[in-house]
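Trainee: I would like a close look at a single part of this structure, namely its salt bridges. Please take me through them in one connected account.

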Amino acid sequence: MKNPERLVVDLEGVELGAALAELDGKVATGDPYIEKLRVGRNRPGVVRLVLDLKTEVRPQVFTLKPVAEYGYRLVLDLYPVVAPDPLAALIEQSEKEKVALPVAEKPSGKTPDKPKVARLATIVIDAGHGGEDPGARGRLGSREKDITLVIARRLKGLVDAEADMRAVLTRDADFYLPLQERVDKARRVKADLFVSVHADAFIKSHARGSSVFALSERRATSEAARWLAKKENEADLVGGVNLDVKDRYLAQTLLDLSQTATIDHSLRLGSAVLGELGQVNTLHKPHVEQASFAVLTAPNIPSILVETAFISNPEEEKRLNDEDYQDKLAQAVLDGIRDYFAKHPPRPASPLALN
């Protein structure tokens, strides 16, 4: 509804219970889209939800099947009609920081030094699971989605403190985010690297150690076909080569070459991070493993999945909840990223070009 902007949802065959009546108090003051929420009995057997909006939105409605302690759920996702550009926000932030820096006086006739940083490398940090997807659970009650978010936030703080890097979180709170949306977010900000944070689990509690994964070659091949099937034809998929070509086999070959290079760099990044994690925790495997994780399928962004420790191991679960240990894990990942960039610095002109 317009003037003012509202989203109205009628729930048929539903009575107004306490859970629905209390929804109006669940909207945070800083919510970017919802001003307030009202719930009431519209007519017999129908409960009406009215969301007073701060801006025009594009709503999506879908259902989710039961998982863990959750039953069937009706989910409303609100997207802005004009989506914010996270890359533009990063650039704007960088420009503000430049303006805020004091300008040192230079002796006359002396040319000012050139900036040492050609551009900021963008690291996308993905906190695994979230919302109605709790991930693995420890025997002490810890949930993977909580552990990963805390570590991701700590890693973001460390990355942002670097002079030549900036971090973007795929999720900064406890909400559900589809795997493909995580990949799409990384591509929208033209990320240099993608790091997904998880906490492993196994049916036996003695399993322990940290692991790092890159995408498998088999999954990469199937993903290349999927990207082409979507007919996105985005030139940046293969470093500037337009995929909008009549020869389907040529397009497949170009994308395969791009993904092969991406996986190679993912393995190099993973090896650097794994080496640093080995200084903090036992390693589950001494080498970077490869698997068909959907979250690692960006065809032009080196991507790794870090299993920080086994949440199913009571000893490691306790450590995962320790702030000092969380800091050490985050620092180890950052050190690995530093090691990777020392050998393969991002090119000044394009965050998509691999060295």
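**Salt bridges across the chain**

Mentor: The structure holds 18 salt bridges. The model is a predicted one, and what follows concerns some of these pairs and the elements that carry them.

Consider Asp126 and Arg182, which form a salt bridge whose closest N and O atoms are 2.6 Å apart. This pair links distant parts of the chain, for Asp126 belongs to strand 6 (residues 121-127) and Arg182 to helix 4, with their positions 56 residues apart in the numbering. Both partners, Asp126 and Arg182, are buried. Arg182 has company in this respect: in helix 4 (residues 179-188), the buried residues are Glu181, Arg182, Val183, Asp184, Ala186 and Arg187. After helix 4 comes Lys190, which has a positive phi near 50°.

A second pair is made by the side chains of Arg154 and Asp327, which meet in a salt bridge at 2.8 Å, N to O. Arg154 lies in helix 3 (residues 144-160) and Asp327 in helix 8 (residues 323-343), so this salt bridge ties together parts that are 173 residues apart in sequence. As for burial, Arg154 has a relative accessible area of 24% and is therefore partly exposed, since the buried class requires a value under 20%. Asp327 is likewise assigned to the partly exposed class, because its relative accessible area is 37%.

Helix 8 also carries Arg338, and Glu162 lies in the loop between helix 3 and strand 7 (165-169). Glu162 and Arg338 form a salt bridge, the closest N and O atoms being 2.8 Å apart. Here too the pair links distant parts of the chain, the two residues being 176 residues apart. Their surroundings can be stated in terms of accessibility: Glu162 counts as buried because its relative accessibility is 18%, whereas Arg338, at 33%, counts as partly exposed.

Salt bridges can also share partners, and in this way Lys2, Glu5 and Glu56 are joined into one network.

To set these charged contacts beside a nonpolar feature, one may turn to the surface patch of about 250 Å² made by Val61, Leu74 and Leu76. Leu76 lies in strand 5 (residues 73-80). With a relative accessible area of 32%, Leu76 is partly exposed, and this value also passes the patch criterion, because patch residues need over 30% relative accessible area.

Conventions: Residues numbered from 1 in each chain as written. Predicted model: local features only at pLDDT ≥ 70, side-chain atom pairs only at ≥ 80, totals over all residues. Heavy atoms only, no water. Patch = residues over 30% accessible without salt bridge, like charges linked within 9 Å, V, L, I, M, F, W, Y side chains within 5 Å. Areas by Shrake-Rupley, 256 points an atom, 1.4 Å probe, with all protein chains shown as cover. Salt bridge = Lys/Arg side-chain N within 4 Å of Asp/Glu carboxyl O. Helix = DSSP H or I, 4+ residues; strand = E, 2+ residues; numbered from the N terminus. Buried < 20%, exposed > 50% of the residue type's maximum accessible area, 1.4 Å probe, protein only.
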